[in-house]
Amino acid sequence: MKLLKLAAGVLAVAAPFAMAQTSTYKSDPPHTEVDFTILHLGVSHVHGRFGHVDAVLTLDEKDVTKSSVKATIDIAGLSTGESARDTHLKTPDFFDAAQYSSATFESTSVAKSGSGLKVNGNLTLHGVTKPVVLDVDGPSAPVPDMRSKKPHIGFSATTTINRADFGIGPKFGTAMLGNDVKINIEADMVQQ
């Protein structure tokens, strides 16, 4: 009888943990990117891409609003396709990549929004932390990798930040560079 009571007690304690369905996903580097767009001279948009993205997603399959994400984005590896511009963007005039070689994002909440998600979090860029909201499409249905057989899921996200809020390019007024920087994220996440 004591053994039966002990087993019942263990099951009662373990049941909530067994019901929780969380999985850890990591970004697939060749298929994950963070791009940016900014208005130049009020006439054209300049596009660029930051370097390597290292993201970890804790996905709650039962309730996506209980999920969380952390990401580190390589600023030193940014590229706009023009080497002289890239070199200038990495100087203290803009990103100061020698001092601030990466940016981080950490979610604080996830909410459903229409067919997508709103992910609130803190973005630390150029030594400044500010709240941002990502408009997210996803997650996609899982697709197994042909070689590893591990499931992949995808997300697309957008947000717009004000470069002045992060102290980026303070010497360059809005006649030269717009303040709004649109950020587009494409993430291929692999279950661990």
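**Note on strand pairing, core and salt bridges**

1. Lys70 counts as exposed, its relative accessibility being 51%. The model discussed here is a predicted one, and every value below should be read in that light. The side chain of Lys70 meets that of Glu106 in a salt bridge, with an N to O distance of 3.8 Å. Since Glu106 belongs to strand E6 and Lys70 to strand E5, the pair ties together parts that are 36 residues apart in sequence. The partner, Glu106, is partly exposed, with a relative accessible area of 42%. A salt bridge requires the side-chain nitrogen to be within 4 Å of the carboxyl oxygen, so the 3.8 Å of this pair falls inside the cut-off.

2. Lys70 also has a place in the strand pairing, where it stands in E5 opposite Val56. The two strands concerned, E4 and E5 (residues 68-74), pair in the antiparallel sense over 6 bridges. E4, which covers residues 53-60, pairs with E1 (residues 22-27) as well, again in the antiparallel sense, over 5 bridges. Within that second pairing, Tyr25 is found opposite Leu57 of E4. As a general point, the side chains of a regular strand alternate between the two faces of the sheet.

3. How many salt bridges does the structure hold? The total is 5, and one of them joins Arg49 to Asp35, with the closest N and O atoms 3.3 Å apart. Because Arg49 lies in strand E3 (residues 44-49) and Asp35 in strand E2, this pair ties together parts that are 14 residues apart in sequence. Arg49 is partly exposed, at a relative accessible area of 41%. Both residues are also members of a network of salt bridges that links Glu33, Asp35 and Arg49.

4. A further salt bridge is formed between the side chains of Lys171 and Asp93, at 2.7 Å from N to O. Here the pair links distant parts of the chain, 78 residues apart, with Lys171 in the loop between E10 and E11 and Asp93 in the loop between helix H2 (83-89) and E6. Lys171 is exposed, with a relative accessible area of 63%.

5. Asp28 deserves a separate comment. Asp28 sits in the loop between E1 and E2; it is buried and yet has no salt bridge, the nearest side chain of opposite charge being that of Arg147, 7.6 Å away. Given that a salt bridge needs the nitrogen within 4 Å of the carboxyl oxygen, the 7.6 Å to Arg147 lies outside the cut-off. What Asp28 does have is a polar contact of 2.6 Å between its side chain and that of His31. Once neighbours within four places in sequence are set aside, Asp28 is in contact with His152, Asp188 and Val190.

6. Turning to the interior, which residues have the most contacts inside the largest nonpolar core? That core has 42 residues, and the ones with the most contacts inside it are Phe50, Ile75, Phe95, Leu125, Ile161 and Met189. Two or more residues are given to this core by each of strand E2 (33-40), E4, E5, E6, E7, strand E8 (128-137), strand E10 (151-162) and strand E11 (177-191). The largest share, 6 residues, comes from E11. Phe50 touches residues that include Val34, Phe36, Ile73, Ile75, Leu78 and Phe95, when residues up to four places away in sequence are not counted.

7. Two partly exposed strand residues complete the picture. Thr104 lies in strand E6 (residues 102-113) and is partly exposed, with a relative accessible area of 31%. Leaving out residues up to four places away in sequence, Thr104 touches Ala71, Thr72, Asn122, Leu123 and Thr124. The C-alpha atoms of Thr104 and Leu125, which are 21 residues apart along the chain, are separated by 6.9 Å.

8. Asn120, in strand E7 (residues 116-125), counts as partly exposed at 27% relative accessibility. With residues up to four places away in sequence again left out, Asn120 touches Phe105, Ser107, Thr108, Ser109, Val132 and Val133. Its C-alpha atom and that of Asp135, 15 residues apart along the chain, are separated by 9.0 Å.

Terms used: Residues are numbered from 1 along each chain as its sequence is written. This is a predicted model: local features need pLDDT of at least 70, side-chain atom pairs count only at pLDDT 80 or more; totals for chains, interfaces and linings use all residues. Side-chain values use heavy atoms; hydrogens and water are left out. Two strands pair if DSSP finds at least two bridges between them. Helices (H or I, at least four residues) and strands (E, at least two) are DSSP runs, numbered from the N terminus. Buried means under 20% relative accessible area, exposed over 50%, partly exposed in between (1.4 Å probe, protein chains only). Contact means heavy atoms within 4.5 Å. A nonpolar core is a set of buried Ala, Val, Leu, Ile, Met, Phe, Trp, Tyr and Cys residues joined through side-chain atoms within 4.5 Å. Lys and Arg count as positive and Asp and Glu as negative; His and the chain ends are not counted. A polar contact is a pair of N or O atoms within 3.5 Å; within protein, one must be able to donate a hydrogen and the other to accept it, and residues adjacent in sequence count only if both atoms are side-chain atoms.
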